[in-house]
Amino acid sequence: MSSRLHHVALSVADLTKSTEFYDAVLGPLGYRRTHTFESICVWGGQEPEVLLYPIEDLDTSPHRKGRAGLQHLAVEVTDRQTVEDVHNAVVTGGWTVVFPPREYPDYAPGYYAVFVEDPDGSRWEFVHCPKMP
């Protein structure tokens, strides 16, 4: 039986701020926002879908690496320029670049990635990794 990741759902403290971030970061990957409501925003056109929900808790502190929960999500992109485009969108938007684009030869030959965080501290990696022959 095969499987695939259908969607990624995140809870965010400020839906408007996070929507701006995800529009900027997901756009270069071919995503488009397909639904915008007070209770959910959805980006589609690529897989997996990305869903944002407003938080249901009073704790609005950002997620931090090392706390319980998801450590980061990695999205493979088709070329280095897309990694650069995501980096530029994050810089232009004033959001957090954790590690700027660079090669990670200890991960794999040609592995090139940028690590960023959304307004709530959720970490994303955008990576181009050439397939080995």
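In this predicted model, the largest nonpolar core has 25 residues, and the members that touch the most others are Tyr22, Trp43, Leu52, Trp124 and Phe126. At least two residues of this core come from each of β1 (7-12), α1, β3 (41-44), β4 (49-54), β5 (73-76), α2, β7 and β8. Helix α1 gives the largest share, five residues. As background, nonpolar side chains in soluble globular proteins tend to be buried together.

**Around the cores**
- Trp124 is a good place to start looking: leaving aside residues up to four places away in sequence, Trp124 touches Val8, Leu10, Tyr22, Val50, Leu73, Val75, Val114, Phe115 and Val116.
- There is also a second, separate core of seven residues, with Tyr104, Ala108, Phe115 and Val127 among them.

**Helix α2: length and buried side**
- Helix α2 covers residues 80-93, and its 14 residues should span 20 Å at 1.5 Å a residue; the end C-alpha atoms are 20 Å apart, so the expected span and the model agree.
- The buried residues in α2 are Thr82, Val83, Val86, His87, Ala89 and Val90.
- These residues lie on the same side of α2, because the arc they cover around the axis is only 160°.
- Among the elements covering the buried residues of α2 are α1 (15-26), β6 (96-103), β7 (112-117) and β8 (123-128).

**Helix α2: the two ends**
- At the start of α2, Asp79 places a side-chain oxygen within 3.3 Å of the backbone nitrogen of Gln81.
- Just after α2 comes Gly94, whose phi is positive, at about 80°.

Conventions: Residues numbered from 1 in each chain as written. Predicted model: local features only at pLDDT ≥ 70, side-chain atom pairs only at ≥ 80, totals over all residues. Heavy atoms only, no water. Helix = DSSP H or I, 4+ residues; strand = E, 2+ residues; numbered from the N terminus. Expected span 1.5 Å × (residues − 1). Buried < 20%, exposed > 50% of the residue type's maximum accessible area, 1.4 Å probe, protein only. Arc of directions from axis to C-beta. Contact = heavy atoms within 4.5 Å. Polar contact = N/O pair within 3.5 Å; in protein donor to acceptor, adjacent residues only side chain to side chain. Core = buried A, V, L, I, M, F, W, Y, C linked by side-chain atoms within 4.5 Å.
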